[in-house]
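User: Please take a close look at the paired charged side chains in this model, and explain step by step how each pair is placed. Please then set that part against the rest of the fold.

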Amino acid sequence: MQQKTVATDVLDIAYREYGAPDGWPCIMGHGFPYDVNAYAETAPILAEAGARVLVPWLRGYGPTRFRFPETLRSGEQAALGADLLAFMDALGIERAIVGGYDWGGRAACVISALHPERVIGLVSGNSYNIQNIALAMEPASPPEEAALWYQYLFHNERGRRALERNRRGFARQLWTMWSPKWAFDDATFERSAASFDNPDFVDVVIHSYRHRYALVAGDPAYAGIEAKLAAQPPIRVPTIAIDGDSDGVNPGTAHHARKFEGFFERRVFTDAGHNLPQERPAEWAQAVIDVRKAAAS
């Protein structure tokens, strides 16, 4: 494993690379509030299977940095998708297996929907992760609303101050609630928690959880992408979607199947929560290998 950095128009993106440089390209994205360590066990399995695995820190996390102080610290879905596409361009990767969960899964879904020619296959935690912002104010069931408490907290300045003052405390609370059967230890948490010390972490997170409810404007640079995502485009690349049966923030996505056209398979990881690749590394790696086989056939 090597840690590297590549420059795009907006970011200096830090990433971990596993496997041979001429391996088949595989890009995996982490979620909030996690980091690249989510793939610390998955990536070597894929590298052994012949992949060149690239795991970037998302904007606002770890060593990834904005290049210019005037750039809006946006966490909107279009920005995440644009970052992934720019990452591929900067590394000269024409096509890749892409995947992830939470924010990283959202970026992978955006690219798969809008740029299918760049995607060999998709592995998506919680299936169709593209937000339907037009319907963001439609209420869900009481249990689902209760699980989203942190999002509503971040809608006001009390939430911003809470995150600024205790990033680790809030992240650990969410890890525990979202993956109740994952017995992670202090060292495992601290390896990822260091990424939340990024100077832009709070701004990016707060913008993300306000933008998805149309409470703040997005970055005008991504308005065109957001307009396309508002149409809720289908995903036509070969896809394996994964849920954990003990996910404390997402009750399951079987109803998302209609958003996928072409090869589609949904898997449920037993006793797994929200952080799917870190909780079930071998099973996640197998899904990546299997979607590549499906794409080839």
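Analyst: A residue is called buried when its relative accessible area is under 20%, exposed when that area is over 50%, and partly exposed in between. The model under discussion is a predicted one, and the wording above is used throughout for its residues.

The starting point is helix 6. Glu157 and Arg160 both belong to helix 6, which covers residues 157-165, and they stand 3 residues apart, about one turn of the helix. Their side chains form a salt bridge with an N to O distance of 3.4 Å. The two partners differ in exposure class: Glu157 has a relative accessible area of 38%, so it is partly exposed, whereas Arg160 has 19% and is therefore buried. The value for Arg160 falls under the 20% cut-off.

Arg160 has a further partner. A salt bridge of 2.8 Å, N to O, joins its side chain to that of Asp203. This contact is not confined to one helix: because Arg160 lies in helix 6 and Asp203 in helix 9, the pair ties together parts that are 43 residues apart in sequence. Asp203 is partly exposed, at a relative accessible area of 34%.

A separate pair reaches across a longer stretch of sequence. Asp271 and Lys181 meet through their side chains in a salt bridge of 3.0 Å, N to O. Here both partners are in loops: Asp271 is in the one between strand 9 and helix 11, and Lys181 is in the one between helix 7 (167-178) and helix 8 (186-193), so the pair ties together parts that are 90 residues apart in sequence. Lys181 is exposed, with a relative accessible area of 54%. Returning to the pairs around helix 6, salt bridges with shared partners join Glu157, Arg160, Asp203 and Arg210 into one network. In total, the model contains 18 salt bridges.

Asp271 also deserves attention for its backbone. Its relative accessibility of 32% makes it partly exposed, and its phi is positive, about 60°, although it is not a glycine. Most residues other than glycine have a negative phi. A second case is Ala214, whose phi is also positive, near 60°. Ala214 sits in the loop between helix 9 (201-211) and helix 10 (223-229), and its relative accessible area of 55% means that it is exposed. A further backbone feature is the cis peptide bond from Phe32 to Pro33, with omega near -10°. Pro33 belongs to the loop between strand 3 and helix 1 (42-48).

The setting of these pairs can be contrasted with that of helix 2. This helix is largely enclosed by the rest of the structure, because 11 of its 14 residues are buried. Among them are Leu80, Asp83 and Leu84. Its end C-alpha atoms are 20 Å apart, which agrees with the 20 Å expected for its 14 residues. Just after helix 2, Gly92 has a positive phi of about 70°.

Helix 2 also borders an internal space. The structure holds 1 cavity of 30 Å³ or more. Of its 16 lining residues, those closest to the centre are Pro56, Leu58, Leu80, Asp83 and Leu84. The volume of this cavity is about 140 Å³. At least two lining residues come from each of strand 2 (11-18), strand 3 (24-29), helix 2 (77-90) and helix 3 (102-114). Helix 2 gives the most, with 4 residues. By class, the lining comprises 11 nonpolar, 3 polar and 2 charged residues.

As for the wider frame, an unreviewed UniProt entry lists residues 29-276 as "domain: AB hydrolase-1". In the model, this span is 38% helix and 13% strand, and its end C-alpha atoms lie 12 Å apart.

Definitions and conventions. Residues numbered from 1 in each chain as written. Predicted model: local features only at pLDDT ≥ 70, side-chain atom pairs only at ≥ 80, totals over all residues. Heavy atoms only, no water. 1 Å grid on protein atoms, 1.4 Å probe; cavity = no way out; pocket = protein on both sides within 12 Å on 5 of 7 lines; lining within 4 Å. Points joined across faces, edges and corners; volume = space filled by probe spheres on them. Nonpolar A, V, L, I, M, F, W, Y, C, P; charged D, E, K, R; others polar. UniProt positions renumbered as here; feature names shortened; annotations may be inferred. Buried < 20%, exposed > 50% of the residue type's maximum accessible area, 1.4 Å probe, protein only. Expected span 1.5 Å × (residues − 1). Salt bridge = Lys/Arg side-chain N within 4 Å of Asp/Glu carboxyl O.
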